[in-house]
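Look at the sequence and the structure together. Then follow the paragraphs from one chain to the other.

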Amino acid sequence: MQRLIRQHWWKALGVLILIYVFIAGMLIPLKPGITIVTPSSTRTGGELIIEVEGYNTNFDQAGDAVRMWLKMDDERSLQAKRVEVLGPTRAQAAFIIPEYLPSNQKVQDFALVVDNPVDGAAVRPNAVLVTQDSIDQELGEQTWQNDPLTDLSQRDGITFPFRNILGETIRNTYFHVSLWLAMMIIFIAAVVYSIKHLRGFNLDHDYWAAALTAVGLLLGGLGLLTGGIWAQYTWGTFWSWDIKQFTTLIALLIYLAYFVLRRAFPDEAQKARISAVYNIFAFVALIPLIYVLPRLTDSLHPGNGGNPALGGEDLDNTMRMVFYPAVIGWTLIGSWIASLMYRSSKIEEQLLENWEDSPTLD
Amino acid sequence: MNMVQQILRLLWRDWVLEWRTRYALSGILLYVFATIVLVYSALLDIQPQVWNALFWIIILFAAVSAIVKSFVQESQQRQLYYYNLVHPLALLIAKMIYNTGLLFLLSLLSWLVLGFLTTNPVKDTGMFVLAIFLGSMGLAIAFTFISAISAKAQNSATLMAVLGFPVIIPILLILVKIGANALRLMQDTAIGGDILILVAINLVLLSVSILLYPFLWRD
């Protein structure tokens, strides 16, 4: 450890990784998507004309090659009879909705699939809701004319997935979520040093624990801030007393109390021992706060109450290529800051010793 | 003396000390009366939602005022004397059991007084008693350990509030939810899970306290 904190390669690595994360995370475009479909509901029988608004799309370049489908399930879909391009992000499409649908539901939802050679295929789930005047599943199955989705185009180049509502804020994954994971790694390291201190009462371990806790607090504060900025765009308000926000705030308060505790003791050895005890106690109290309680209450936060989060489609391979380096980058930078704080504590200790030993004191 | 005998002896001593002054008992009665009078004069009518919040506020402050003196009321020299006589863990466990019991009694008392002064909105008595018991246990464990930490510093009452409040927030959040269920303010079929989580939090805090206490009492 002593050798490692004097070496520079891992600090440079951390900086390089974060530069990569900022450039890639901010500049790689989003996959074309569909933001607005109007009208979003209709009845069976007759022609449906919808206006589609795209995001990052190039309908004008594709021209007549733009095709659209209303997809009912994996086997059944309806193709648009005609598509009219109104601009790069706007298009109109006409569908013939049959009298009877092969479904026994009063309201059947359709996903909209838009495909063109320039942008590739884009899907908008639950784009149109069709209300059936009368339900006859068998008749619907007999009269259904299926237009299967064929020859869907692939877009070249690297993109991040487009998610409705999230939009560009999906990039926050690289900052908010990775800061949070790095914070947990740093806090765990701090607890390890606290345990080490209690096993040998070595003051160096206490300096490490204090430095790492301070860095964890910083990363947690930044995580809360980036989460708030994200919430401003998706939930409409910076702070909404969501259970995740609330428990996070409490968790940070627990760690702020750690520093209040440290200031309460003039004696170094006593301060180190008691704050190590509190650090372990606080970490144990932190786990139900962050990982158990938010699961019990309704939350809008991704990962709660059926909202998408890290997993499956939501973190695709392109995002992984930025997300995992981001976690490593923040952890390295955090360790760098902690090692500087540790060294400053060591210097402080040495200066104090020299001052106490100096003969000019008397 | 073995551990159990030591714990029983310490429990009896704590009770005698309390009964001599009735500090916690009169304190809680004061809290209940003051809170009810204030809220009643401001709102004129106490709805079950407000009742639930009031009840747990009273219990929280009662816990702070009753437990803060666990380790502070005795001088360092006297504590050293105890550690010579009994096992340090016996002292901690005795304090935790005593504070749990005291807090449980105080909660029942304030429920009684609150019910007498307003109405008793509790529909599911069994669940509410269980919530009071588990809550008393959780608050007692957390605050006893925190008070052991803060007793080492000067100005320990303030330090205890700063250290203690964030730690007990998870317990309070679950207590308010179980309380709301017992008052039929909400119907949650999965409330058993919440009760289990409360039990788990209590056990984890207890075991961490017991593991860490040996490092705390020595000076």
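What follows goes from the overall form of one chain to the contact between chains and then to one helix.

This is a predicted model, where local features need pLDDT of at least 70, side-chain atom pairs count only at pLDDT 80 or more, and totals for chains, interfaces and linings use all residues. Residues are numbered from 1 along each chain as its sequence is written, while chains are lettered from A and ligands numbered from 1 in the order in which they are written.

Start with chain A. It has 8 helices and 9 strands. These are DSSP runs, numbered from the N terminus: helices are H or I with at least four residues, strands E with at least two. The radius of gyration of chain A, taken over C-alpha atoms, is 28 Å. The globule rule (2.2 Å times the number of residues to the power 0.38) gives 21 Å for 362 residues, so chain A is more spread out than a compact globule. Its C-alpha atoms fill a box of roughly 100 × 40 × 30 Å along the principal axes.

Now turn to where chain A touches chain B. Chain A gives 23 residues to the contact and chain B gives 22. Two residues are in contact if their C-beta atoms, placed from the backbone, lie within 7 Å. On the chain A side, H7(A) gives the most, with 14 residues.

Finally, take helix H3 of chain B, residues 48-67. Its 20 residues should span 28 Å at 1.5 Å a residue, and its end C-alpha atoms are 28 Å apart, which agrees. The expected span is 1.5 Å times one less than the number of residues.
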